[in-house]
There are 2 protein chains.
Amino acid sequence: MPQDKQTNRRIVLASRPHGAPTEANFRLESQHVPVPGEGEVLLRTVWLSLDPYMRGRMSDAPSYVPPIAVNDVMGAGTVAVVEQSNNQDYAPGDWVVSQSGWQDFALSDGKDLFKLTGPVLKHPSWALGLLGMTGFTAYMGLLDIGNPQPGETVVVAAATGAVGSMVGQIAKLKGCYVVGIAGGEEKCRYAEEVLGFDRCLDHRSDDLAESLKRYCRDGIDVYFESVGGKVFNAVLPLMNTKGRIPVCGLIADYNSTEAASGPDMLPQFQSAILRKRLRVQGFIITQDYGHRFEEFFSQMSQWVEQERFVFREDVVDGLDNAPETFIGMLEGNNFGKVLIRVAGDNP
Amino acid sequence: MPQDKQTNRRIVLASRPHGAPTEANFRLESQHVPVPGEGEVLLRTVWLSLDPYMRGRMSDAPSYVPPIAVNDVMGAGTVAVVEQSNNQDYAPGDWVVSQSGWQDFALSDGKDLFKLTGPVLKHPSWALGLLGMTGFTAYMGLLDIGNPQPGETVVVAAATGAVGSMVGQIAKLKGCYVVGIAGGEEKCRYAEEVLGFDRCLDHRSDDLAESLKRYCRDGIDVYFESVGGKVFNAVLPLMNTKGRIPVCGLIADYNSTEAASGPDMLPQFQSAILRKRLRVQGFIITQDYGHRFEEFFSQMSQWVEQERFVFREDVVDGLDNAPETFIGMLEGNNFGKVLIRVAGDNP
C-alpha cells in the first residue's frame, strides 16, 4: 500500500502486549492529512527508524521513556520532507529528522526538528543510523563510559545490529581487540569479514561461555551491553579488574512477563562488581549526551568521509509492514539497522 | 594474656571456614620474637584493625585480596612501635602503620610502613580509622564515585560501622540529607543524635522497604553499599535517575555458602541500571585511590582539627580475643570501628 498525498495512514498502539508483541497490538488507521497552523510545518515521512527501545514504550511499566498511550500513534524517529511550511525556518523540500512516528504525515512547530544539510543529503537515512541516534549511542556509550584503550578487549553483543556494528568498528579504530556476539553463522562471518571484528561468536552455540573464554584469552575490559540474559551471564566471569560495562539496552528481557526463576544471580553480580571493581553504567543517549551531539556528528562525518565505516541497513518497504518488522527485530531477525521506507522509491 | 617481650603470639588461619567462621578456624601459636636482619626493623603491635574484608581472605575463592594460606598469620593493618631498627629511616620508638597482622611482633624492611607524625600521635589508633583506611574508604567512595550534591539524599548502610559512620558525616558536611540503616534501636538513635544523620532506620524492622520509602521522600541519589542482601533490595526501587552506587563491601553475603534461591533478581537490577541510568561501581581503596592518600589525609586532618567528626572505636583488649571479636563483627555485634588493643594500656 503506497503513500498518497490525500491520506495519512498511521499505526497506533491498539493494546499493550503481554510478553512478545503481536500484530494484534497494532492498528492501521487512515485520516485526512492534517493542515499546518500558524508557525507549523507539514512533514511527510520518508524513512522510519525501528529500534528495540520502542518495546518499552508499548508497556506502561516504568521505563526510561514514557509509555505510548493506547490509541496513540507509535512513536519513532523519522526522516521526513517538509511538504508545506508556515514556519520561516523551514521551506518546502527541506529534509529533516523528526519524531513524527509511524505515520505518513505529521505537524511540527519546528522545535523538535533537525534540518539535514551537506553530505548526509546524499544518503538521508543515515541521519537515523550512522550519523544519527544509532551512531551517537554507539559512540558515546563506548567512548565516554567504556573508555577503551589500545590493546584492550572489547566485547559487543548484537554485533551486527545497528548499534553493535558501530561499537565494534569504533573500538577497532581505537586499536582494541574486538569480539562480537551475534545470532547465526552468517552474521558472525559478516562481523569478521566485512565489519573487521577480530572474532565473532554465535550466541546460539551450546558452549557460549566456553567459546567466549577461548576468544577472550586476556579477559574482557569493556562489554557493551544491549542484550542481557545468557550473553551477560557468559561475559561476567571473564570481566577483568577495572572493567567497564556501558548498558544501552537489554533486549533479551524486554518481552519477559515474570521474574526469572532462581537461583538468584544478583549476589554474584554484586560480588563481581566489588571484587573486580567494575563500573556498570546505564545511559540514555539523548538525555545523557544531547549536549555532545555536535562533537559526535563532526567526528563521525569525518570518519564517514574517509570511508572508515560499513553500515548495513535492513530496509523494508511500506508503512504497513512496520509491525511485523518490529516484532521480528525483537527476535533478532533483522540484519543491520532496521528502517521502513515509508515513501517508496520515489520520495 | 598480656604481651611480653620474649614471646611472639600469633594467630594463624587453622582452616578455611565454610559459611560463618568459627573459633576453630583460628589457632593461637607462640614463637620466639624474630630478630631483624640488615635493613630491617622489629615492630611491636599496639593496635590491630579488624575489618570485614578479612573474611574474604580466609577463603580461597576469588576475592579482591589474595587469600591467606592455611597456617599463615592472619593479615591486618596495625599500629606498631619500632622496637629495634637496622634501617636508617626508622628509630626505636617510632610509631608506624604496618600490615603486620594478628601477632605481637613482626619484621619489616620499612617499605610497607607509614610513619606517624604530628597530631595523630595524640591518638595513634586513629591512623587505622578516622585518618586511615577506614576514613579514606569513606571519603573516596562517597566523594569520587558518589559525587553527592547539596540537597541530595544519601543512604548509608551499616550506618554506625567504621566506614558508614564517616560516610554519613561527610555527606552531612556536603549539605546532603542523610539516611542511615543500622541494626537495632540503640545504633539508630546514636546515628541520629550523635552522628547527626537526618534519619536512621533499623534494618531488623519488618517493613524495611516501606519505612525507607517514608524516610526518602525524594528518592535516593547516592547509596553507599557495604552490605548487600535485603538492604540493597529495599534501596534499589527508590534510586533516582542518574543515581550512584559506590560498592565498598557486601557483608551480608560474605558468609553465604551457596547461590541464593530464586527468583533471579539480576534482570531487575540490570533493568534499573538501564532505566534509571545508574552508575554502580566497585572500588578497593588502596588499589584505586592509593595515589590520593595525601589529599584525603590533609582534608580529613583539617576536619578533625575543627572537631567536625565523631568517631567511635569499639575497643577489645587482648590479641587472644581477636577471633571472637572478628566473628561477632561479621554478625553486626560491634558498635563503631573494631580495634584490638594488643599491647594493653601501657604501650
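Two strands pair if DSSP finds at least two bridges between them. I kept that criterion at hand while going through this predicted model, and I began with the place where strands of the two chains meet.

**Entry 1, strands across the interface.** I looked up β13(A) and found that this strand pairs with strand β13 (residues 279–282) of chain B in the antiparallel sense, over three bridges. Because at least two bridges are required for a pair, the three bridges between β13(A) and β13(B) satisfy the criterion. Within this pairing I noted that A:Q281 stands opposite B:R279 in β13(B).

**Entry 2, extent of the contact.** I then turned to the interface as a whole, where 39 residues of chain A are in contact with 39 residues of chain B. For the area I recorded that chain A and chain B bury about 3,200 Å² between them, with 62% of it on carbon and sulfur atoms.

**Entry 3, polar and charged pairs.** Looking next for specific pairs, I found eleven residue pairs in polar contact between chain A and chain B, both residues being at pLDDT 80 or more. On the side of chain A that touches chain B, the elements giving two or more residues are α6 (229–235), β12 (239–247), α7 (266–275), β13 (279–282) and α8 (285–289). Of these, α7(A) gives the most, with eight residues. Sorting that side of chain A by class, I wrote down 20 nonpolar, eleven polar and eight charged residues.

The count of salt bridges between chain A and chain B is four, while over all chains the count comes to 36. I looked at B:D288 in particular, whose side chain meets that of A:K242 in a salt bridge at 2.9 Å, N to O. The side chain of B:D288 also meets that of A:R277 in a salt bridge, here at 2.7 Å, N to O. I placed A:R277 in the loop between α7 and β13 of chain A and B:D288 in helix α8 (residues 285–289) of chain B, so this pair joins two chains.

**Entry 4, relation of the copies.** Last, I asked what rotation and what shift along its axis superpose chain A on chain B. The answer I entered is a rotation of 180° with 0.0 Å of shift along the axis, at an RMSD of 0.0 Å. The two copies are therefore related as by a two-fold rotation axis. I added that the same surface serves both copies, since 100% of the contact residues of chain A recur in chain B.

Conventions: Residues numbered from 1 in each chain as written. Chains lettered and ligands numbered in written order. Predicted model: local features only at pLDDT ≥ 70, side-chain atom pairs only at ≥ 80, totals over all residues. Heavy atoms only, no water. Contact = heavy atoms within 4.5 Å. Buried area = accessible area lost by both parts, 1.4 Å probe. Polar contact = N/O pair within 3.5 Å; in protein donor to acceptor, adjacent residues only side chain to side chain. Helix = DSSP H or I, 4+ residues; strand = E, 2+ residues; numbered from the N terminus. Nonpolar A, V, L, I, M, F, W, Y, C, P; charged D, E, K, R; others polar. Least-squares fit on C-alpha atoms with pLDDT ≥ 70 in both.
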